[in-house]
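Please open the model in the viewer and display side chains as sticks. The tour below proceeds by selection, with a note on what is found at each stop.

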Amino acid sequence: MRMLLIHSDYLEYEVKGKALKKPEEIKEDQKIGKLDEVLAVFMSVEKVDEQNPDEVVDKAIKEIEDVASQVKTKNIFVYPFAHLSSELGSPEIALKILKKIEEKLKEKEYNVKRAPFGYYKAFKLSCKGHPLAELSRTIVPGEAKKE
Ligand SMILES: NCC(=O)N[C@H]1[C@@H](O)[C@H](n2cnc3c(N)ncnc32)O[C@@H]1CO
């Protein structure tokens, strides 16, 4: 999994259209979303993650918690973003992984929003520009077999 983490004054999105034949089903009120004072986490789930999705979820949570505590925010935006890797995992598994990340962060008392999966979305972001405001992380399952 590839993650781009941006500490931002806000992130707002608006769904513009379907990017998959069968995108995630969403309610009307999910077509736009916004969080202020947020750690936006753009995530590309990769093929290698399919070897151990649960481990990837746990590793991603650890990285997100680490950065969130350093930038002192409890607001997290989980954002599916298929542009950080040329080895994308299947949409089915990617959605499962992102939903699990959202669920586990909520269990840990974070204020979490997840942008809809499988759509083209307009978004606005206001990066804070401090030294930890732009970070990237790469996560692979421990026993990832080298192809
Ligand atoms: N910017 C708009 C967009 O990226 N849209 C993407 C994601 O929402 C989602 N998606 C599909 N596969 C993946 C994956 N492996 N990891 C993350 N998201 C995925 O499906 C859309 C088309 O690829």
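Begin with Glu46, which is buried at a relative accessible area of 5%. This model is a predicted one. Add Arg2 to the selection: Glu46 and Arg2 form a salt bridge, with their closest N and O atoms 3.3 Å apart. The two residues are 44 apart and connect distant parts of the chain, since Arg2 belongs to strand E1 (residues 2-18) and Glu46 to the loop between strand E2 (32-44) and helix H1 (53-71). In contrast to buried Glu46, Arg2 is partly exposed, at 35% relative accessibility.

Next, select Lys59 and Glu55. Both are in helix H1, separated by 4 residues, or about one turn of the helix. Their salt bridge brings the closest N and O atoms to 3.3 Å. Which of the categories, buried or exposed, applies to Glu55? Glu55 is buried, with a relative accessible area of 19%, because the limit for that class is under 20%. Lys59 is partly exposed at 31%.

Now select Asp58 and Lys104. The side chains of this pair meet in a salt bridge, at 3.0 Å from N to O. The contact joins distant parts of the chain: Asp58 is in helix H1 and Lys104 in helix H2 (residues 91-107), 46 residues apart. Both partners are partly exposed, Asp58 with a relative accessible area of 34% and Lys104 with one of 26%.

For the last stop, select Glu12, Lys34, Asp36 and Lys124 together. A network of salt bridges links these residues. Across the model, the count of salt bridges comes to 16.

Note on methods
Residues are numbered from 1 along each chain as its sequence is written. This is a predicted model: local features need pLDDT of at least 70, side-chain atom pairs count only at pLDDT 80 or more; totals for chains, interfaces and linings use all residues. Side-chain values use heavy atoms; hydrogens and water are left out. A salt bridge is a side-chain nitrogen of Lys or Arg within 4 Å of a carboxyl oxygen of Asp or Glu. Buried means under 20% relative accessible area, exposed over 50%, partly exposed in between (1.4 Å probe, protein chains only).
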